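The following exercises concern empty space inside and at the surface of a protein. Please examine the sequence and the structure before working through each solution.

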Amino acid sequence: MSSQAATGHQPADSRRWWALAVIAIAQLMIVLDITIVNIALPSAQKDLGISDADRQWVITAYTLAFGGLLLLGGRLGDLFGRKRVFTIGLLGFALASAIGGAASGPEMLFGARALQGAFGALLAPSALGLLSTTFSDPKERSTAFGIFGAIAGGGAAIGLILGGLLTEYLNWRWCLFVNTPIAIGAAFAAFSVLTRDHIGKGTRVKLDLPGALLGCGGLLAIVFGTSEAVTRGWGDWLVLGSLLLGVALLALFVLVEKRTPHALLPLHIVAERNRGGGALSVGLAMVGMFGLFLFLTYYLQVIKGFSPVMSGVSFLPMTAAIVIASTGFAARLMTRIPSRNLIGPGLLLAAAGMAWLTQMKVSSPWAGMVLPAELLLGFGMGLVFMPSMSLATLGVAPNEAGAASATINSAQQVGGSFGTALLNTIAASATASWLATRIASDPGVRAQGAVHGYVVATWVAMGILLLAALIAFVMIDHRPAPGEATGATGGATDATAATAAAETPAGADAQTAAQRQRAP
């Protein structure tokens with residue numbers, strides 16, 4: 001019996017719905033942050049003089065810190081109390097957002113984004129834990145998680161529109177400044193309405209600081225080496241040294257996690273073929289999807305001349321396709337057919353969307369080129385996220401459900417970090433090579449060179465999605481239990497609501513909520 005279940009005999013807190021509002025605001029802020037900054041990125045790059053090779057760090061710094069520290073953030077909540085960690089996360093996010101908005105140069109902006117990701121890693125698991133302990137009644141819990149998931153999914157669309165409005169009518173800096181008053185207000189509200197959760201010393205989980213340092217350091221070294229290859233080349237000593245250092249640190253991370261009794265990532269969680277296959281498939285999918293979102297933003301605003309607002313609106317069909325595929329198809333089919341029969345075809349559909357984009361040209365119309373690709377990508381990924389998140393806690397002990405859920409969320413964020421760096425490097429290198437033999441001073445030629453780079457990177461992204469589909473078909477062999485289709489109505493409903501969070505660039509924390517609710 002889990003600790004969540006144990007709370008079922010406690011009297012309901014009269015302030016629990018206010019608590020839900022505070023938690024939901026924090027979740028909304030986390031989810032919309034990447035989409036809102038993506039839309040503002042072209043303006044920020046121009047204002048601060050960020051190079052094409054370094055622009056990806058605005059995204060990567062956030063996702064890498066978030067994904068690398070997510071497991072540690074959950075442990076800190078277990079150690080010091082989720083209310084305390086949640087409040088600190090909000091205040092830290094507010095400070096980091098203010099620093100980012102006031103950035104006077106690229107390095108200051110990159111550092112602020114990394115801080116945002118670090119404090120986001122405190123917020124996300126604490127929010128889920130607080131939601132689980134605040135609502136003990138099954139009916140209320142279902143409603144709360146449904147609202148939480150719907151807000152997470154809506155955050156993508158809100159971020160796209162809000163980012164465009166703030167950038168176009170105010171300044172790109174307000175896409176960061178806007179978080180500060182929201183986070184401060186939510187922190188004061190959290191102090192008032194959230195129930196203090198005291199963690200006794202005898203029940204505290206020890207921190208795996210060596211694992212956190214090795215894991216995050218290894219990922220950072222690999223992403224740094226990949227990004228530096230744009231200007232230095234893949235054979236440069238700094239690039240090769242960073243990549244080798246990253247691999248060595250990750251190898252040490254595995255050795256440490258095997259031996260520590262309080263591992264951040266219990267290796268048996270990902271060693272099981274269904275959980276490992278699901279995490280690997282989603283992580284590889286994010287490698288392609290995060291980079292694509294970056295390229296499409298630049299294609300629409302820089303090449304096609306879309307305003308920030310129109311650029312944001314143009315991404316809404318993909319978000320809608322994800323939600324429709326998740327709620328209308330995946331949530332209903334995942335209890336009836338083998339998981340690989342959703343994840344594999346979903347990845348193939350997404351790869352087809354990438355293949356469509358490889359025909360992109362400067363003169364391509366949005367309705368004829370971008371829109372069909374968005375629909376294919378969105379529908380495909382909508383089929384992938386739901387069963388993958390369901391597999392995340394398959395057969396996991398109740399006391400490890402949180403770590404298992406955080407693992408697949410980390411796979412998403414880390415995959416996004418590496419994908420943004422890798423595909424940006426490939427695109428920038430391909431553009432530079434193409435322009436080297438042409439008249440680069442001609443604006444039309446530069447536009448063609450940029451699109452050529454996007455297309456080359458899209459081919460690579462398509463190949464990565466095909467590899468993810470192959471892994472899903474080979475590794476995942478889970479079949480729904482007899483009677484699951486009729487006996488899992490409640491769980492499916494909760495998961496359906498949470499699926500909305502599976503928008504491409506912002507992660508899927510709400511699916512974790514669904515899994516925690518369904519954990520025994």
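**Exercise 1: The largest cavity**

Determine which helices each supply at least two residues of the lining of the largest cavity, and describe that lining.

Solution. In this predicted model, the helices that each contribute at least two lining residues are α2 (16-48), α5 (106-134) and α7 (174-177). Next, consider the shares: α2 provides the largest one, four residues. The full lining consists of Val37, Ala40, Leu41, Ala44, Val58, Leu109, Arg113, Trp172, Cys175 and Leu176. Sorted by class, nine of these residues are nonpolar, none is polar and one is charged. Arg is counted as charged, so the charged residue in this list is Arg113. Finally, the volume of the largest cavity is about 60 Å³.

**Exercise 2: The cavity count**

State how many cavities of 30 Å³ or more a search of the whole structure finds.

Solution. The search yields four cavities at this cut-off.

**Exercise 3: The second largest pocket**

Identify the residues nearest the centre of the second largest pocket, and state which classes of residue line it.

Solution. Begin with the volume, which is about 820 Å³ for the second largest pocket. Its lining comprises 31 residues, and Leu219, Leu265, Ser410, Ala411 and Val414 lie nearest the centre. At least two lining residues come from each of α3 (57-80), α9 (209-232), α10 (237-259), α11 (267-271), α12 (273-303) and α17 (401-435). By class, the lining of this pocket contains 21 nonpolar and 10 polar residues, with no charged residues.

How values were computed: Residues numbered from 1 in each chain as written. Predicted model: local features only at pLDDT ≥ 70, side-chain atom pairs only at ≥ 80, totals over all residues. Heavy atoms only, no water. 1 Å grid on protein atoms, 1.4 Å probe; cavity = no way out; pocket = protein on both sides within 12 Å on 5 of 7 lines; lining within 4 Å. Points joined across faces, edges and corners; volume = space filled by probe spheres on them.
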